[in-house]
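Here are my comments on the model you sent, set out as numbered points. They begin with a single residue and widen to the whole chain before returning to two other sites.

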Amino acid sequence: MEHSIEYLEKQFQDRIDRGENIEAKDWMPEKYRKTHIRQISQHAHSEIVGMLPEGNWITRAPSLRRKVALLAKVQDEAGHGLYLYSAAETLGISRDELFHQLHTGKAKYSSIFNYPAVTWADMGAIGWLVDGAAIINQVMLTRTSYGPYARAMVRICKEESFHQRQGYEIMITLCNGTEEQKAMAQDALNRWWWPSLMMFGPTDAESTHTEQSMKWKIKRKTNDELRQQFIDITIPQAEFLGLTVPDPDLKWNEERGHYDFGEIDWTEFWQVVKGFGPCNKERLKARNKAWDNGAWVREAALAYSEKQSKESIRKAV
């Protein structure tokens, strides 16, 4: 017996309201499917593009210990991208199409990765602030309504917590070092603070997706709630380091039980999102070059897979 779209949508929303997970073969509204493709692919692209500023520092890390740790982190991020591309594929989009959208600039990734990493202290700031902001976002996603995405996030969050600790440990070492090293840490905080706050997306009043995403339990908290949570957690960490957060309006609000903070430069945010950030063109150029240079590896892997498949068939016969 066929049901109307209205009936199916009501049944779907009832499942969401009961806290059930939606699985790949379940009926879902087309907008729900497309919203998840957009969000999961953007997340996957961010992991892959996020490897670029850090990968550039692997050969210049100040010690073998730092080199190994950074190499492991970049490897983790590649794995995160693969988990997420696999989750997106369950929604009926091919990996080739996902890569095509990234390489042509059609798909977005986190604006934070369009800023340059100019000193070793940036590896500390990225781990502490960028991965710290990502964890705030991603812990929430372990309870998102789409099952494959929620399950992928469990392992990703565990690994991201190590990345955040790694970054903070770099900052502690720099802040306990020479005056020059502490100044380097302060400079990195100055440059990464505001872009990190922008990672949570536009204000709730300006967000076009938040209301529907909350209804479908794709998100459990709004952009502004997550941003406030990040600030409240991070300020005491900065104080422990002896660093100054570059916000003259920052102060504890006893009545609210939260930190008040200054106005974010949303003009800068939208400029970066639209492709005019410091490294937008550089990031896409690097990704396209890597894709083109890796064509022979993909072709060889495919040829080997086909050979193994034919061999299996021959033995079975």
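**Notes on the predicted model**

1. Please keep in mind throughout that this is a predicted model. I begin with R66, whose place is in helix α4, the helix that spans residues 64-89. R66 has a relative accessibility of 12% and therefore counts as buried, since the cut-off for that class is under 20%.

2. As for the partners of R66, its side chain makes a polar contact with the side chain of E169, at 2.5 Å. When neighbours within four places in sequence are left aside, R66 is in contact with A61, W120, E169, I170 and T173, so that E169 appears both in this list and as the polar partner.

3. Turning to the chain as a whole, the protein has 13 helices and two strands. For 317 residues a compact globule would have a radius of gyration near 20 Å, and the 22 Å found for this chain agrees with that. Along the principal axes, the C-alpha atoms fill a box of roughly 70 × 50 × 35 Å.

4. On packing and surface, 47% of the 317 residues count as buried, and among contacts with a separation of 6 or more, 76% are accounted for by residues 24 or more positions apart. The chain exposes about 16,900 Å², of which carbon and sulfur atoms supply 55%. Its charged side chains comprise 42 positive and 44 negative ones, and the centres of these two sets lie 7 Å apart.

5. A second site to inspect is S145, which lies in the loop between α6 (121-141) and α7 (147-175). Is S145 buried or exposed in this loop? S145 counts as buried, because its relative accessibility is 3%. The side chain of S145 makes a polar contact with the side chain of Y32, at 2.8 Å, and, residues up to four places away in sequence not being counted, S145 touches I16, E20, N21, I22, Y32, H36, W216, K217 and I218.

6. The last site is F200, placed in the loop between α8 (179-198) and α9 (210-215). F200 has a relative accessible area of 4% and is therefore buried. Setting aside residues up to four places away in sequence, F200 touches A133, I136, N137, N223, L226, R227 and F230. The C-alpha atoms of F200 and T222 are separated by 8.9 Å, although the two residues are 22 residues apart along the chain.

Technical notes. Residues are numbered from 1 along each chain as its sequence is written. This is a predicted model: local features need pLDDT of at least 70, side-chain atom pairs count only at pLDDT 80 or more; totals for chains, interfaces and linings use all residues. Side-chain values use heavy atoms; hydrogens and water are left out. Helices (H or I, at least four residues) and strands (E, at least two) are DSSP runs, numbered from the N terminus. Buried means under 20% relative accessible area, exposed over 50%, partly exposed in between (1.4 Å probe, protein chains only). A polar contact is a pair of N or O atoms within 3.5 Å; within protein, one must be able to donate a hydrogen and the other to accept it, and residues adjacent in sequence count only if both atoms are side-chain atoms. Contact means heavy atoms within 4.5 Å. The radius of gyration is taken over C-alpha atoms; the globule rule is 2.2 Å times the number of residues to the power 0.38. Accessible areas come from the Shrake-Rupley method with a 1.4 Å probe; for residues, only the protein chains shown count as cover. Lys and Arg count as positive and Asp and Glu as negative; His and the chain ends are not counted. The place of a charge is taken as NZ of Lys, CZ of Arg, CG of Asp or CD of Glu.
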